[in-house]
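Look over the sequence and the model before reading on. The text below walks through the fold, then its core, then its empty spaces.

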Amino acid sequence: MLIIEDDALIALDLQGMLEAAGALSFSFADSEAEAIAEARARRPDVIASDVMLREGSGPGAVQAIHAEYGPLPVFYVTGTPEACQPCEPPVHIVPKPATQEAIRAAFTQVRGGC
């Protein structure tokens with residue numbers, strides 16, 4: 001599980017919610033470049049990403065990761081859902097502040113048989 005989030009407290013909160021939903025291991029990135037590097041170091045099964053990052057964007061990171069590994073399950077957790085460009089393939093967007101139920105639903109839906 002790769003969490004792309006530039007706010008450390010939100011990243012840790014997401015980790016807790018995702019652990020409760022069944023995720024077992026985590027990598028973290030707070031910028032587009034770091035997300036790509038983390039994915040190269042350890043191919044993620046699922047990606048949870050913010051849209052707006054201090055450096056780069058979550059959709060930009062996801063697009064680069066997909067170009068290397070093919071489609072991976074992804075969902076966005078963001079305060080700016082309208083800024084989710086490009087968001088290919090069609091993805092799930094969870095608005096901030098995210099609830100445990102919304103995170104669990106998005107994680108369960110995108111991971112499918114993972």
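**Pocket, sheet and core**

The largest pocket has a lining of 10 residues, and Ala23, Leu24, Asp45, Val46 and Phe107 are those nearest its centre. Its volume is about 160 Å³. Six of the lining residues are nonpolar, two are polar and two are charged. Bear in mind that this is a predicted model.

Now turn to the sheet. It is open and has five strands, in the order β2-β1-β3-β4-β5, with parallel pairing. The edges are taken by β2 (27-29) and β5 (92-95); each has a single partner strand, so one side of each lacks a neighbour in the sheet. From one strand to the next, the twist averages 20°.

Helices pack on this sheet. Helix α1, residues 8-21, touches β1 (2-4), β2, β3 and β4. The direction of α1 makes about 145° with that of β1. Helix α3, residues 58-69, also packs on the sheet and touches β1, β3 and β4. The direction of α3 makes about 170° with that of β4.

Look next at the pairing of β3 and β4. Strand β3 covers residues 47-49 and strand β4 residues 74-78; the two run parallel and are joined by three bridges. Ile47 stands opposite Val74. Ala48 stands opposite Phe75.

How much of β4 is buried? Five of its five residues are, so the strand is largely enclosed by the rest of the structure. Its side chains split between two directions. Val74, Tyr76 and Thr78 point one way, while Phe75 and Val77 point the other way. All of them are buried.

Take Tyr76 in β4. It has a relative accessible area of 1%, under the 20% cut-off, so it counts as buried. Beyond its neighbours within four places in sequence, Tyr76 is in contact with Ser49, Asp50 and Val51. Its contacts also include Gly58, Pro59 and Val62. Further along the chain, Tyr76 meets Cys84, Cys87, Val91, His92, Ile93 and Val94. Ala33 is another matter: 43 residues away along the chain, its C-alpha atom is separated from that of Tyr76 by 17 Å.

Val77 is also in β4. At 2% relative accessibility, Val77 is buried. Its contacts outside four places in sequence are Leu14, Ser49, Asp50, Val51, Val94, Lys96, Ala98 and Ile103. Among these, Leu14 belongs to the residue range of α1. The C-alpha atoms of Val77 and Gly58 are separated by 9.9 Å, with the two residues 19 apart along the chain.

Cross over to β3, which holds Ala48. Ala48 has a relative accessible area of 1% and is buried. Leaving out residues up to four places away in sequence, Ala48 touches Met1, Leu2, Ile3, Ile4, Leu18 and Phe75. Phe75 is thus a contact of Ala48 as well as the residue opposite Ala48 in β4. Ala61 lies 13 residues from Ala48 along the chain, and their C-alpha atoms are separated by 11 Å.

Ser49 is in β3 too. Is Ser49 buried or exposed? At 1% relative accessibility, it counts as buried. Setting aside neighbours within four places in sequence, Ser49 is in contact with Ile4, Gly58, Val62, Phe75, Tyr76 and Val77. Gly58 and Val62 fall in the residue range of α3. Phe75, Tyr76 and Val77 fall in that of β4.

**A cis bond and a cavity**

Follow the chain past β5. Pro97 sits in the loop between β5 and α4 (100-111). A cis peptide bond joins Lys96 and Pro97, with omega about 0°. Lys96 has already appeared, as one of the contacts of Val77.

Last comes the enclosed space. How many cavities of 30 Å³ or more does a search of the whole structure find? The search finds one. The largest cavity holds about 40 Å³ of space. Its lining is made up of Met1, Leu2, Ser27, Glu38, Ala39, Arg42, Arg43 and Pro44. By type, four of these are nonpolar, one is polar and three are charged. Met1 and Leu2 also touch Ala48.

Terms used. Residues numbered from 1 in each chain as written. Predicted model: local features only at pLDDT ≥ 70, side-chain atom pairs only at ≥ 80, totals over all residues. Heavy atoms only, no water. Pairing = 2+ DSSP bridges. Helix = DSSP H or I, 4+ residues; strand = E, 2+ residues; numbered from the N terminus. Axes fitted to C-alpha atoms, helices over the stretch in contact; angles between N-to-C directions. Contact = heavy atoms within 4.5 Å. 1 Å grid on protein atoms, 1.4 Å probe; cavity = no way out; pocket = protein on both sides within 12 Å on 5 of 7 lines; lining within 4 Å. Points joined across faces, edges and corners; volume = space filled by probe spheres on them. Nonpolar A, V, L, I, M, F, W, Y, C, P; charged D, E, K, R; others polar. Buried < 20%, exposed > 50% of the residue type's maximum accessible area, 1.4 Å probe, protein only.
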